[in-house]
Amino acid sequence: MKNADNKIDRAEDYSAATKLLMSWNCPLLITHANPDGDALGCIVGLKTMLKSAGRDSIAAVYEDPSQHQRSLTGVDEVYVIKGKEDPVFSKVDGVVVMDTCAIAQLFPVADWLKAESVPRIVLDHHSTRDLPADLHLIDTTASSATLMLYRWAKSAGWDISGQAALSIFEGMATDTGWFRFSNTSPEALRAAADLIELGVNLDETNQRIYNQDPASLLRFSAMALSGLELHDNDSIALLCVTEQMTKDAKVTPDDTGYVVNSPLSVASVGVSALLVDWGKSVIKCSFRSKGGIDVAKLAATFGGGGHARAAGARIEAPLEEAKAMILKCIQEQKDTTPKCSE
Ligand SMILES: [Mn+2]
C-alpha cells in the first residue's frame, strides 16, 4: 500500500479502480465521521450504482444519521457501524474510502484499517492525506468528491439515473454551497446539468435539503451565538458549545456543526472556529475561512484535516486551553499572510 500525490485521476486510474472494486464480492463504502452531503452522496451514490450493476456493497457510517442528514436521499438505509467489534468487518473483502484520506476522521474504523491488510481504494479531493491505500483517486482541485464519483461512474459505465443521480447531485450542490463557493467549477456545473437531465428535480432537492430545520436548531444557534467571541478587530470569531447546551436545546451532536458558518456573514470576520466540548477534555473543532487563513493548515496543527476554507480537528485539552491555542495559531498564520488590500 502506498501514500498519494496531489493528483491521481487519469482515465487509467479510474479503470484500475473499477477493476479492483469489481474483484471484490462485498466492498465496505465509508467516509469521514460526521458526514456531510458530499460524504453521504458518495457512499449512497456508489452503493446505488453498484446495486444497479448487480453488485453487493455495504455503505456505512459510525453514528445514527441526524434528522438533517436524513433529508438526503437514501441515508435512512445506510448501515451504522457500532464500534470496533462490529460484525460488518468480517463480511467485507475490500474498502472504498471517500471524501477523506485522513486516518483521524475514520474513527472507529481506523484501528481495523491499520491492523488488517484489507485492500482499499481512496477517492478524495482533500489535501490532508495519511491513509495508505492500494489505489488512490485524488484530485485536490475537484469541487467535490461526488464530482470525482461522477467521473468514475462515467468511466465505468455505471447507471447514473434515479437515486444515483440524486445522491451525486446532492453531494455536489452541498459541497459548493449550492454552486456559490469558489470551488464551483465549469465541470461541476456541466455535471449538474447532466444530472438534471437524468431526472434530478432542482426545486424539490433544494426545498428538501434547506429550510427544513427544526426549531430546536434555532434555539441552539441562539445559545451558541450568545457566547460568541470576536478577536483582532472583529476578524476572528470563536464559538464554544458544551454538551449541556445540546441537551438543553434538544439537538444531537451532529446538529452542532452548522453554527460555525454564521459569523462569516459579517464583513470583518475572516475566520470562524467552533469548539464543541464533549467533556473528558476532548474538544471537537470546526474551522471556516473566507480564504485569507488556510484552515486546513490550522487543523493539521492539531492532527486534523480538511480544505483551505473548511476543516476540522479534535483537540485533547480543556476548553479554555484549546481556545487559546487556536486563537494563537490563527494569529500566527495571519501575521505571515501577505497583505493585499489593507
Ligand atoms: Mn467533500
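## Exercises on a predicted model

Let us start with one residue: Glu-320 is exposed, with a relative accessible area of 54% (exposed means over 50%, buried under 20%, partly exposed in between, with a 1.4 Å probe and protein chains only). This is a predicted model, in which local features need pLDDT of at least 70 and side-chain atom pairs count only at pLDDT 80 or more, while totals for chains, interfaces and linings use all residues. Residues are numbered from 1 along each chain as its sequence is written, and side-chain values use heavy atoms, with hydrogens and water left out.

### Exercise 1: a salt bridge within one helix

Task: Find which residue forms a salt bridge with Glu-320, and state whether this partner is buried or exposed.

Solution:
- Step 1. Apply the rule: a salt bridge is a side-chain nitrogen of Lys or Arg within 4 Å of a carboxyl oxygen of Asp or Glu.
- Step 2. The partner is Lys-323, and the closest N and O atoms of the pair are 3.4 Å apart.
- Step 3. Glu-320 and Lys-323 are three residues apart in helix H11 (residues 319–336), so about one helical turn separates them. Helices (H or I, at least four residues) and strands (E, at least two) are DSSP runs, numbered from the N terminus.
- Step 4. With 10% relative accessibility, Lys-323 counts as buried, whereas Glu-320 is exposed at 54%.

Now try a second pair. Arg-208 forms a salt bridge with Glu-204, with 2.7 Å between the closest N and O atoms. Both residues sit in helix H7 (residues 202–209), four residues apart, or about one turn of the helix. Glu-204 is partly exposed, at 35% relative accessibility.

### Exercise 2: a salt bridge between helices

Task: Work out which helices are linked by the pair Glu-187 and Arg-151.

Solution:
- Step 1. Glu-187 and Arg-151 form a salt bridge, their closest N and O atoms being 2.8 Å apart.
- Step 2. Glu-187 is in helix H6 (residues 186–197) and Arg-151 in helix H4 (residues 145–156); at 36 residues apart, the pair links distant parts of the chain.
- Step 3. Glu-187 is partly exposed, with a relative accessible area of 31%, while Arg-151 counts as buried at 17%.
- Step 4. Widen the view: Lys-7, Asp-9, Asp-139, Arg-151 and Glu-187 are linked in a network of salt bridges. The count for the structure comes to 15 salt bridges.

### Exercise 3: the manganese ion

Task: List the protein donors of the manganese ion and describe how the donor residues are spaced in sequence.

Solution:
- Step 1. Donors are N, O and S atoms within 2.8 Å of the metal (3.2 Å for Na, K and Ca); water is not among the atoms, so sites may look incomplete.
- Step 2. The donors are Asp-38 (OD), Asp-99 (OD), His-125 (NE2) and Asp-175 (OD), at 2.1 to 2.4 Å from the ion.
- Step 3. Their spacing in sequence reads D-x60-D-x25-H-x49-D.
- Step 4. Asp-99 lies in the loop between strand S5 (94–98) and helix H3 (110–115), and Asp-175 lies in helix H5 (residues 163–175), so this pair ties together parts that are 76 residues apart in sequence.
- Step 5. Asp-99 is buried, with a relative accessible area of 1%, and Asp-175 counts as buried at 15%.

### Exercise 4: backbone angles

Task: Identify what kind of peptide bond runs from Phe-107 to Pro-108, and give phi of Asn-34 and of Asn-233.

Solution:
- Step 1. Recall the background: most residues other than glycine have a negative phi, and most peptide bonds are trans.
- Step 2. The bond from Phe-107 to Pro-108 is cis, with omega near 10°. Pro-108 is in the loop between S5 and H3.
- Step 3. Asn-34 has a positive phi, near 50°. Asn-34 belongs to the loop between strand S2 (27–30) and helix H2 (37–52), and is partly exposed with a relative accessible area of 27%.
- Step 4. Asn-233 also has a positive phi, near 55°. Its place is the loop between strand S8 (229–231) and strand S9 (236–242), and at 76% relative accessibility Asn-233 counts as exposed.
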